Amino acid sequence: MNHIPSRRHLLSTGLGLGLAGLAALPALAQDKFPSRPITLVVPFPPGGSVDIMARQYSEPLSKVLGVPIVVENRAGAGGSVGAQYVARAKADGYTLVVSSQSSHLANPLTQPKVGYDPVKDFENIAILGRLPNALVVHSSLPFKTFKEFIDYAKKNPGKLNYGSGGVGSMGQLNVEMLKAATGAFTTHIPYRGGTPLITAVLGNEVQFILDNLVIMLPHIQAGKVRALALANDQRLPQLPDVPTLAEVGYPQLNLTSWIGLAAPGGTPDAVVQTLYKAVREVATSPAMLANLKERGVIAPEEMTPAAFEKMMSERLVKFGEVVRKAGITAE
């Protein structure tokens with residue numbers, strides 16, 4: 001009498017293992033990343049440089065990855081609320097944050113209870129773009145050169161006010177580094193974010209800023225404000241007459257800002273690499289290169305996740321010294 005083997009028996013044999021493997025194939029397919037929508041958290045309100053960058057990348061990244069990418073603004077505490085939310089999210093690659101020097105450098109250095117470590121609590125995946133910083137003054141002021149500006153600030157301590165997006169923001173850290181390098185003394189006027197800061201500069205409530213060029217470029221081109229120097233490796237085609245800070249004698253201030261992409265710490269390396277390759281494909285496309293150039297953003301160089309984290313760690317040390325010397329603590 002022929003005995004028909006049971007399913008349990010089959011599973012205990014090589015044939016059974018083969019059948020079990022076949023049965024598991026759908027599950028493996030479902031685990032392929034990505035297989036469902038990705039949430040891209042912007043830790044700032046709509047309209048700022050980080051939000052603009054997120055929306056520039058979301059659609060082309062969605063096409064490369066083959067899943068929808070939903071941009072979600074979670075603003076608060078200068079970017080800390082959204083960053084902390086992602087740091088505590090499930091480490092599966094489906095919740096990401098658009099990181100910046102505000103959320104991943106200034107805040108951890110100036111907010112005692114920020115609630116996350118910018119290196120240990122994240123997988124820092126890729127740079128989306130580098131943003132030149134610009135020393136910008138109101139067009140009604142007499143300064144035509146960086147030297148004239150510094151000479152006046154040194155001879156008239158406290159008469160020039162500078163604005164930033166808040167106490168402990170990168171706009172403040174940039175100027176404090178400038179003050180330490182030049183010996184100039186100026187007064188800080190903090191605002192709650194980029195939009196009121198722009199309004200203050202245009203209205204001459206503050207006389208200057210040293211912050212992201214992206215938010216001020218249209219107003220520079222319209223003649224409402226004047227750029228005296230750029231923190232960038234070279235002059236920009238949009239502003240060919242504006243020298244770099246290295247050209248005017250301060251190479252140590254010639255630091256561009258960055259906007260990047262990060263996932264919660266512990267996200268599998270295969271997921272990180274998939275996202276990194278997708279970002280590089282988008283970042284090097286002719287459409288994105290043209291888009292970034294038009295906005296005054298420097299196309300991101302090829303920088304691996306490990307190199308990205310190394311650069312971040314070095315910046316944390318450099319700006320940490322500025323914060324300690326200036327005694328900056330966010331409200």
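Is Phe-122 buried or exposed? At 1% relative accessibility, Phe-122 is buried. Keep in mind that you're looking at a predicted model. Below is a quick tour of an open sheet of 5 strands, the helices that pack on it, some ring pairs, and the enclosed strand β5.

**The open sheet**

- Reading across the sheet, the 5 strands come in the order β2-β1-β3-β10-β4, and their pairing is mixed.
- The edges belong to β2 (69–73) and β4 (122–131); each has a single partner strand, so one side of each has no neighbour in the sheet.
- On average, neighbouring strands here are turned by 25° against each other, direction ignored.
- Take β1 (residues 38–42) as an example: this strand pairs with β2 in the parallel sense, over 5 bridges.
- Within that pairing, Ile-38 has Ile-69 of β2 as its bridge partner.

**Helices around the sheet**

- Helix α10 (residues 269–283) lies across β1, β3 (95–100), β4 and β10 (257–264), and runs at about 10° to β4.
- Helix α12 (residues 305–326) also packs on the sheet, where it touches β3, β4 and β10. The direction of α12 makes about 75° with that of β4.
- Helix α4 (residues 80–87) has these buried residues: Ser-80, Gly-82, Ala-83, Val-86 and Ala-87. They span an arc of only 165° around the axis, so they sit on the same side of α4.
- What do the buried residues of α4 pack against? Their partners are β1, β3, α5 (101–110), β4 and β10.

**Aromatic rings**

- Searching the whole structure turns up 8 aromatic pairs.
- One of them joins Tyr-116 and Phe-122 edge-to-face, at 5.8 Å centre to centre with 90° between the planes. Like Phe-122, Tyr-116 is buried, with a relative accessible area of 6%.
- Trp-258 and Phe-308 make another edge-to-face pair, with 5.2 Å centre to centre and 90° between the planes. Trp-258 belongs to strand β10 and Phe-308 to helix α12, so this pair ties together parts that are 50 residues apart in sequence. Both Trp-258 and Phe-308 are buried.
- There's a cluster as well: ring pairs link Phe-143, Phe-149, Tyr-152, Tyr-162 and Phe-208.

**Charges over rings**

- Arg-36 has its charged end over the ring of Tyr-94, 3.7 Å from the ring's centre.
- Over the face of Tyr-85 you'll find Arg-74, at 3.6 Å from the ring centre.

**Strand β5, covered on both faces**

- In strand β5 (residues 133–138), 6 of the 6 residues are buried, so the strand is largely enclosed by the rest of the structure.
- Which residues of β5 are on which side? Asn-133, Leu-135 and Val-137 are on one side, with Ala-134, Val-136 and His-138 on the other, and all are buried.
- Strand β8 (residues 208–212) pairs with β5 in the antiparallel sense over 5 bridges, and Leu-135 stands opposite Leu-210 in β8.
- Strand β9 (residues 225–231) is joined to β5 by 6 bridges, and the two run antiparallel. Here Val-137 stands opposite Arg-226 in β9.
- As general background, strands of a sheet pair through backbone hydrogen bonds, either parallel or antiparallel.

How values were computed: Residues are numbered from 1 along each chain as its sequence is written. This is a predicted model: local features need pLDDT of at least 70, side-chain atom pairs count only at pLDDT 80 or more; totals for chains, interfaces and linings use all residues. Side-chain values use heavy atoms; hydrogens and water are left out. Two strands pair if DSSP finds at least two bridges between them. Helices (H or I, at least four residues) and strands (E, at least two) are DSSP runs, numbered from the N terminus. Axes are lines fitted to C-alpha atoms, for helices over the stretch in contact, and angles run from 0 to 180 degrees between N-to-C directions. Contact means heavy atoms within 4.5 Å. Rings of Phe, Tyr and Trp (its six-membered ring) pair if their centres lie within 6.5 Å; planes under 30 degrees apart count as stacked, over 60 as edge-to-face and the rest as tilted. Buried means under 20% relative accessible area, exposed over 50%, partly exposed in between (1.4 Å probe, protein chains only). A charge sits over a ring if NZ of Lys or CZ of Arg is within 6 Å of the ring centre and within 35 degrees of the ring normal. The arc is that of the directions from the helix axis to the C-beta atoms.
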